[in-house]
Amino acid sequence: MVASVPSEPVNAPQPDSDDLAELVAGLKFDAQGLLTAVIQDHADAAVLMVGWMDAEAVRRTLTTGRTWFWSRSRREYWQKGETSGHRQYVRSVHADCDRDTLLVRVEQIGGACHTGARSCFEEALPAVAASSTDAPPGRGAEASIGAGSAREAGP
């Protein structure tokens, strides 16, 4: 794959250090101080990889325009592309509704996977494919989800 020059990033106003500290403090990290970061291609929405970030990796990602992660095995920070040259340029970062997972949309240069593949999610597993048209009459996907949620919430 031929490397390309990243297109102009979509810049949001940079938060000041107090705002940044408050924003990061509002995220929910697990017992190891980490949260999941799903990395998605900005151009075509393909999921490229999943990594782990602690508060410092989140700060670095938000302030440098490049993705930073915490390596659970090496116990050190790493920036995507520092050894492979397959870089990720941040286009946007969103927290999920629980604030315990980030969706980081990037411009990917080269492969995102450590194997060199474009995505880490290229191995398909056999699974039964379902559709809302498979539901009994009058019980579309939304009705089934709503009914399940009510049961899970309790009486």
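Let us start at one residue: beyond its neighbours within four places in sequence, Ile39 is in contact with Ala46, Val47, Leu48, Met49, Thr67, Phe69, Gln88, Val104 and Val106. Contact here means heavy atoms within 4.5 Å. This is a predicted model, in which local features need pLDDT of at least 70, side-chain atom pairs count only at pLDDT 80 or more, and totals for chains, interfaces and linings use all residues. Residues are numbered from 1 along each chain as its sequence is written, and side-chain values use heavy atoms, with hydrogens and water left out.

## The core around Ile39

Ile39 is also one of the residues with the most contacts inside the largest nonpolar core, along with Met53, Val58, Phe69, Leu102 and Val104. That core has 19 residues. A nonpolar core is a set of buried Ala, Val, Leu, Ile, Met, Phe, Trp, Tyr and Cys residues joined through side-chain atoms within 4.5 Å. Buried means under 20% relative accessible area, exposed means over 50%, and partly exposed lies in between (1.4 Å probe, protein chains only). The elements that give two or more residues to this core are helix H1 (17–25), strand S1 (35–41), strand S2 (47–53), helix H2 (55–64), strand S3 (68–71) and strand S6 (101–108).

## The chain as a whole

Stepping back, the chain has 3 helices and 6 strands. Helices (H or I, at least four residues) and strands (E, at least two) are DSSP runs, numbered from the N terminus. Read from that end, the elements follow the order α-β-β-α-β-β-β-β-α. Of the 155 residues, 27% count as buried. If you take the contacts between residues at least 6 apart in sequence, 46% of them join residues at least 24 apart. The chain exposes about 10100 Å², and carbon and sulfur atoms supply 55% of this area. Accessible areas come from the Shrake-Rupley method with a 1.4 Å probe; for residues, only the protein chains shown count as cover.

## How the strands pair

Two strands pair if DSSP finds at least two bridges between them. S1 and S6 run parallel and are joined by 6 bridges, with Gln40 standing opposite Arg105 in S6. S6 also pairs with strand S5 (residues 88–95), this time in the antiparallel sense over 7 bridges. Here Gln88 stands opposite Gln108, and His94 stands opposite Leu103. S5 and S6 form a hairpin with 5 residues between them, and Arg99 in the turn has a positive phi of about 65 degrees.

A further hairpin is made by S3 and S4, with 4 residues between them; in its turn, Arg75 has a positive phi of about 55 degrees. S3 and strand S4 (residues 76–79) run antiparallel, joined by 4 bridges. Phe69, already met in the core, stands opposite Trp78 in S4.

## Salt bridges

The structure holds 6 salt bridges. A salt bridge is a side-chain nitrogen of Lys or Arg within 4 Å of a carboxyl oxygen of Asp or Glu. The table gives some of them.

| Pair | Closest N and O atoms |
|---|---|
| Arg60 and Glu56 | 3.1 Å |
| Arg74 and Glu76 | 2.9 Å |
| Arg118 and Asp44 | 2.7 Å |

Which parts does the pair of Arg118 and Asp44 tie together? Arg118 lies in the loop between S6 and H3 and Asp44 in the loop between S1 and S2, so the salt bridge links parts that are 74 residues apart in sequence. Arg118 is partly exposed at 34% relative accessible area, and Asp44 is partly exposed at 46%.

Arg60 and Glu56 are 4 residues apart in helix H2, so about one helical turn separates them. Arg60 is partly exposed, with a relative accessible area of 24%, and Glu56 is partly exposed at 29%.

For the remaining pair in the table, Arg74 is partly exposed at 46% relative accessible area, as is Glu76 at 38%. Salt bridges that share partners also join Asp41, Asp44 and Arg118 into one network.

## A nonpolar patch outside

Val47, one of the contacts of Ile39, also helps to make a nonpolar surface patch of about 260 Å², together with Val50 and Phe121. Patches are made of residues with over 30% relative accessible area and no salt bridge: like charges are joined within 9 Å, nonpolar side chains (Val, Leu, Ile, Met, Phe, Trp, Tyr) within 5 Å. Phe121 lies in the loop between S6 and helix H3 (141–153).
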